[in-house]
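Grab your viewer and work through a few exercises on helix packing, salt bridges and strands. Each task comes with a worked solution, so try it yourself before reading on.

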Amino acid sequence: MPRETGTEALARLAEERVDHRFKGLPPDAEGLTVAELAAQRRNLFTGGFSTPVLALSAERLEHNLALMETYAERHGLAFAPHGKTSMAPRLFQRQIEHGAWGITLAVPHQVWVARAFGVERIFLANELVDPAALRRVAAELAADPAFRLVCYVDSVRGVELMDAALRGAARPVDVVVELAAGEGARTGVRTEAECAAVADAVAAVPTLRLVGVAGYEGEVPQADTGRVTAYLRRLTALAADFDKSGRFAGVDEIVVSAGGSAWFDAVADVFAEIPELSVPVLKLLRSGAYVSHDDGHYRRLTPFTRVPQEGALEPAFRLWAQVVSRPSPEQAFVNAGKRDAAHDLDLPEAQVVRRDGTERPADGVTVTGLSDQHAWLRTTGDADLEVGDWVGFGLSHPCTSFDKWQLIPLAEADGTVVDYIRTFF
């Protein structure tokens, strides 16, 4: 039986039945397909949705997709947004339609998800030494000549393990040497001399092909513009040194990759300085949180605060919960907690209150803590809050917002739900 194409797999998402797996959806929608429910264009506030429910803004999502597409084009960057943020194949498709070179991922399971939905270019921003995963990668490469995967290496031992698992593979696996962001940083080779030793180990085996260098500037200790820039210049100098010494012989492009969601402006500036090498350079940016942005961590860190002339991302998530208890004038509780809201970096931010179809700012309402299924609210005299009110919260850290919801309504500004985003964590 032929393998299902990515287009067919994406279409099949719309055929999935709404049932108990998906929280927040209208109880009377059970048994409908996702496509049938989307076609009803129900309103998030009047169409039977139950709280808590996480919604993604259709307009803000499109704005963010278009902004980063334009940013990458303006700075001569290829873009492989990090898919671990959303793990949503429909969003992968939208990102590729907006000019993405491919999708960045972090672990093998994420690769299998992307492949099931037709992603042809994957940058695995991690070391890969598991034999079973490597054998499956080899099988994917053998079965699909159009498929390209690039992954990290940062040790001679890692090269040895990869080679052992890949013996007899039809195609070599493309690798980039990961340069660590400094002592005490996460993964990566600590010195340029060690980088050369890893590159030479790759050259000595037939199962791997060295195609470039990469790193993650977000791990620079005590990061500031100067330290991040210095690290990125080490990375680009490493690429130039490898090229000068002939370590990229036989490749038709050299991959140089970096870029989280906090310092992509520095990446753009330093990558613009890369000198002409023996073959074209694929300057690959990997920022992922932009797709939904947020109302906390990335709102504070986004480079667009440093380069406002380039535009601004918009937070696209809002979590809606309902006031279920108002035990005192100073306290209230809503029915959303740790199981529903990202809380690893910041607590949710109360933004708006809805009552009887009217929306107003959540003045005097502050989240002070989360239980599993409740948020604790402190209320001042400015807070006009009653049992039954809906409260809309902004969230911090997209990566731990997406992973709590399997099917997320995509809603227009007036609350009309036009689609549903399926995630795979």
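**Exercise 1: two helices**

The axes of helix α5 (residues 108-116) and helix α6 (residues 131-143) come within 11 Å of each other and cross at roughly 25°. Before solving anything, note that this is a predicted model, where local features need pLDDT of at least 70, side-chain atom pairs count only at pLDDT 80 or more, and totals for chains, interfaces and linings use all residues. Residues are numbered from 1 along each chain as its sequence is written, and side-chain values use heavy atoms, with hydrogens and water left out.

Task: classify how α5 and α6 are oriented, find the handedness of the crossing, and list the residues that make the contact.

Solution.
- Step 1, the elements: helices (H or I, at least four residues) and strands (E, at least two) are DSSP runs, numbered from the N terminus.
- Step 2, the angle: axes are lines fitted to C-alpha atoms, for helices over the stretch in contact, and angles run from 0 to 180 degrees between N-to-C directions. Under 35 degrees counts as roughly parallel, over 145 as roughly antiparallel, 65 to 115 as roughly perpendicular and the rest as oblique. So α5 and α6 are roughly parallel to each other.
- Step 3, the hand: α5 passes α6 in a left-handed crossing (the near helix is turned anticlockwise from the far one by less than a right angle).
- Step 4, the contact (heavy atoms within 4.5 Å): α5 supplies P108, W112 and R115, while α6 supplies A133, R136, V137 and E140.

**Exercise 2: salt bridges**

Task: find the acidic partners of R21 and of R90, and say how covered the residues are.

Solution.
- Step 1, the rule: look for a side-chain nitrogen of Lys or Arg within 4 Å of a carboxyl oxygen of Asp or Glu. By this rule the count comes to 35 salt bridges.
- Step 2, R21: its bridge to E16 has the closest N and O atoms 3.0 Å apart, and D19 also meets R21 in a salt bridge, at 2.8 Å from N to O.
- Step 3, cover: buried means under 20% relative accessible area, exposed over 50%, partly exposed in between (1.4 Å probe, protein chains only). At 33%, R21 is partly exposed, whereas E16 is buried at 17%.
- Step 4, R90: this residue bridges to D419, with closest N and O atoms 2.7 Å apart. The pair links distant parts of the chain, with R90 in helix α4 (residues 89-97) and D419 in strand β18 (residues 417-422), 329 residues apart. R90 is partly exposed at 24%, and D419 is buried at 16%.

**Exercise 3: strands**

Task: which strands pair with β1, and which residues of β15 are on its covered face?

Solution.
- Step 1, pairing: two strands pair if DSSP finds at least two bridges between them. β1 (residues 53-57) runs antiparallel to strand β10 (residues 317-328) over 4 bridges, and parallel to strand β17 (residues 407-411) over 2 bridges.
- Step 2, one residue, two neighbours: L56 stands opposite F317 in β10 and L410 in β17.
- Step 3, faces: in a regular strand the side chains alternate between the two faces of the sheet. In β15 (residues 375-379), A375, L377 and T379 form the covered face, and W376 and R378 the uncovered one.
- Step 4, contrast with β1: V53, A55 and S57 point one way, L54 and L56 the other, and all are buried.
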